[in-house]
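Let's take a walk through this one, helix by helix. Have the structure open and turn it as you read.

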Amino acid sequence: MAKKAKTNKRQVILEEAAKLFKAKGFGGTSMRDLGSQVGMEAASMYNHISSKDDILESICFHVSNTYISQLHEIEQLPVSYVDKLKALIRLHIRLMIEDGAAVSVANNDWKYLSDDKLQQFKDARKTYEKGFAELIEQGIAAGEFQPMNVSVALFTILSAVRWVELWYRPGRGITAEELEENIMTILLNGLAK
């Protein structure tokens, strides 16, 4: 029971840290800020985390591991490359809606990781981007996508969904499902009728 409570408290610390890092930046957030946010003395938090760097690592690698594991699952699906691409785009949008603060930290504060973790994170990003690019290449080879520069396609898609973390919140007059469909239509079909 104590182990579960400790795990839950750690999760709360990570979630609140992600929100603070998103709002104030990793460098602008102190352990005192975080303690105040979660209702704990900074010293008590060290029962659940070892350092601010530990928090950043946990957030960044949670996000990168989620993307990579989901990519591997999507690659194995017995569906068209168009459907695989749709699934990947939906993954990005869903993570930004459900865990936007953590995604924002992984997108913006990863550069503050310690040297060895920084290289591991860069490698994880390259692994994901390479897998995503291969899916686009395979779709082009299969005749499902127009022939084009794969890097341009990859980074256009990734940058085209990244704004969701900054913009989306309930009350914007669009549901998460409508947002997904709108983005999918623009990315896969364009605006032209």
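Which residues in α4 meet which residues in α6? Keep in mind that you're looking at a predicted model. On the α4 side you'll find Leu56, Ile59, Cys60, Val63 and Tyr67, and facing them in α6 are Ala102, Val103, Val105 and Ala106. Sorted by class, this contact has 9 nonpolar residues, with no polar and no charged ones. The axes of the two helices sit 9 Å apart and make an angle of about 100°. Angles from 65 to 115 degrees count as roughly perpendicular, so that's the label for α4 against α6.

Now swing over to α7 (residues 115–141) and α8 (residues 150–162), whose axes come within 9 Å and cross at roughly 120°. That angle makes α7 oblique to α8, and the crossing is right-handed. From α7, the contact draws on Tyr128, Glu129, Phe132, Ala133, Ile136, Glu137 and Ile140; α8 brings Val150, Ala153, Leu154, Phe155, Ile157 and Leu158. Here the tally is 11 nonpolar, no polar and 2 charged residues.

Some of those names come back in the largest nonpolar core, which has 60 residues. Leu34, Ile55, Ile59, Tyr128 and Phe132 touch the most other members. Elements giving two or more residues to this core include α1 (2–24), α2 (31–38), α5 (81–98) and α10 (176–189), but the largest share, 10 residues, comes from α4.

Finally, zoom in on Leu34. Skip its neighbours within four places in sequence, and Leu34 is in contact with Ile13, Glu16, Ala17, Leu20, Met45 and Ile55.

Key
Residues numbered from 1 in each chain as written. Predicted model: local features only at pLDDT ≥ 70, side-chain atom pairs only at ≥ 80, totals over all residues. Heavy atoms only, no water. Axes fitted to C-alpha atoms, helices over the stretch in contact; angles between N-to-C directions. Helix = DSSP H or I, 4+ residues; strand = E, 2+ residues; numbered from the N terminus. Parallel < 35°, antiparallel > 145°, perpendicular 65-115°, else oblique. Left-handed = near helix turned anticlockwise from the far one by under 90°. Contact = heavy atoms within 4.5 Å. Nonpolar A, V, L, I, M, F, W, Y, C, P; charged D, E, K, R; others polar. Core = buried A, V, L, I, M, F, W, Y, C linked by side-chain atoms within 4.5 Å. Buried < 20%, exposed > 50% of the residue type's maximum accessible area, 1.4 Å probe, protein only.
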